[in-house]
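This report describes charged pairs, burial and backbone features in one protein chain. Please keep the sequence and the structure in view while reading.

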Amino acid sequence: MLYLVTNRHIVRGNFLKNIENALAGGVDRVILREKDLECKELFLLSKYVKVITDRYDVPLIINGNIDVAEKTGAYGFHCEFQDFIENKYKYDGVLGVSIHSIEEGVKCEQLGADYILAGHIFETECKKGLPPRGIEFLKELKENVSIPIVAIEGIDAKNEKKVIKMGMEDIAVMSYIMKSKDPYYSAKVLKSTIEMFVN
């Protein structure tokens with residue numbers, strides 16, 4: 001599956017239109033990740049986004065604010081590992097957690113997470129100066145957990161195939177689609193590769 005993680009600060013055009021075009025291009029899940037917004041603002045934005053995701057029958061996942069996820073009636077809630085550990089979240093839907101080590105991945109599975117978002121896989125502007133964990137990290141993670149792993153960060157049309165060939169069925173992107181002049185085409189390219197190599 002192809003996940004889109006949002007960031008309205010890097011979009012070239014209209015944020016909502018970018019999301020809609022990406023969904024038309026084949027995005028399967030949307031993680032609304034607007035960390036700087038207060039609860040009220042995030043809730044309002046989530047309602048607008050959910051109108052679009054519902055139109056395409058695509059599940060919406062809210063990042064970082066479980067109250068907004070619940071009020072929105074979102075398909076899922078996503079959070080950082082430390083937040084997950086400290087708050088012992090339970091969600092009446094899908095619960096996802098961002099992880100950066102094998103140990104964190106194993107812990108998330110033990111504590112009931114439904115999927116993990118694992119990164120960063122390749123070099124990315126979001127993590128300048130930090131060496132990527134690489135695709136071998138995904139291989140080791142896959143050997144240690146049984147819940148779905150979603151690979152993220154630095155993934156684009158040029159390196160996506162390497163991730164999929166490592167046994168990954170799910171990838172997530174932010175910049176490649178959010179910054180794109182043509183989100184529809186960018187999503188289409190990524191989704192086509194997934195469909196070609198994932199059985």
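## Burial and the core side of helix α2

A residue is called buried when its relative accessible area is under 20%, exposed when that area is over 50%, and partly exposed in between. The model is a predicted one, and the assignments below should be read with that in mind.

Isoleucine 52, which belongs to helix α2, has a relative accessible area of 6% and therefore counts as buried, since the value is under 20%. Between the C-alpha atoms of isoleucine 52 and phenylalanine 15 the distance in space is 12 Å, while 37 residues separate the two in sequence.

Helix α2 also holds a charged pair, for lysine 50 and aspartate 54 both lie within it, four residues apart, which is about one turn of the helix. These two side chains form a salt bridge whose closest N and O atoms are 3.0 Å apart. The partners are not covered to an equal degree: lysine 50, at 19% relative accessibility, is buried because the value is under 20%, whereas aspartate 54, at 46%, is partly exposed because the value falls between the two cut-offs.

## Salt bridges elsewhere in the chain

Side chains of opposite charge can pair when their charged atoms come close. With a limit of 4 Å between a side-chain nitrogen of Lys or Arg and a carboxyl oxygen of Asp or Glu, the count for this model comes to six salt bridges. One of them joins arginine 8 to aspartate 36, with the closest N and O atoms 2.9 Å apart. This pair connects distant parts of the chain, 28 residues apart, since arginine 8 sits in the loop between β1 (2-5) and α1 (15-25) and aspartate 36 in the loop between β2 (29-32) and α2 (39-55). Arginine 8 has a relative accessibility of 25% and counts as partly exposed, and aspartate 36, at 45%, is likewise partly exposed. The pair belongs to a network of salt bridges in which Arg8, Glu34 and Asp36 are linked.

Another salt bridge brings together the side chains of lysine 191 and glutamate 195, at 3.9 Å from N to O. Both residues lie in helix α9 (residues 183-197), four residues apart, or about one turn of the helix. Lysine 191 is buried, with a relative accessible area of 15%, while glutamate 195, at 55% relative accessibility, is exposed because the value is over 50%.

## A negative patch on the surface

Which residues gather in a patch of negative charge on the surface? They are Glu103, Glu136, Glu140 and Glu143. Helix α6 (residues 134-144) contributes the largest share of this patch, namely three residues. Glutamate 103 is found in helix α5 (residues 102-110), and its relative accessibility of 59% places it among the exposed residues, because the value is over 50%.

## A covered strand and its partner

Strand β4 (residues 76-80) is mostly covered, with four of its five residues buried. Its pairing with strand β3 (residues 60-63) runs in the parallel sense and involves three bridges. Within this pairing, isoleucine 62 has phenylalanine 77, in β4, as its bridge partner.

## Backbone features outside the common pattern

Most residues other than glycine have a negative phi, and most peptide bonds are trans. Two residues in loops have a phi of the opposite sign, and how exposed each one is can be stated from the accessibilities. Aspartate 57, although not a glycine, has a positive phi of about 55 degrees; it is found in the loop between α2 and β3 and, at 70% relative accessibility, counts as exposed. Glutamate 153, also not a glycine, has a positive phi of about 85 degrees and lies in the loop between β7 (149-152) and α7 (160-165). At 15% relative accessibility, glutamate 153 is buried because the value is under 20%.

Where the peptide bond is concerned, glycine 119 and histidine 120 are joined in the cis form, with omega at about -5 degrees. Histidine 120 is placed in the loop between β6 (115-118) and α6.

Technical notes:
Residues numbered from 1 in each chain as written. Predicted model: local features only at pLDDT ≥ 70, side-chain atom pairs only at ≥ 80, totals over all residues. Heavy atoms only, no water. Buried < 20%, exposed > 50% of the residue type's maximum accessible area, 1.4 Å probe, protein only. Patch = residues over 30% accessible without salt bridge, like charges linked within 9 Å, V, L, I, M, F, W, Y side chains within 5 Å. Areas by Shrake-Rupley, 256 points an atom, 1.4 Å probe, with all protein chains shown as cover. Lys, Arg positive; Asp, Glu negative; His and termini not counted. Charge placed at Lys NZ, Arg CZ, Asp CG, Glu CD. Pairing = 2+ DSSP bridges.
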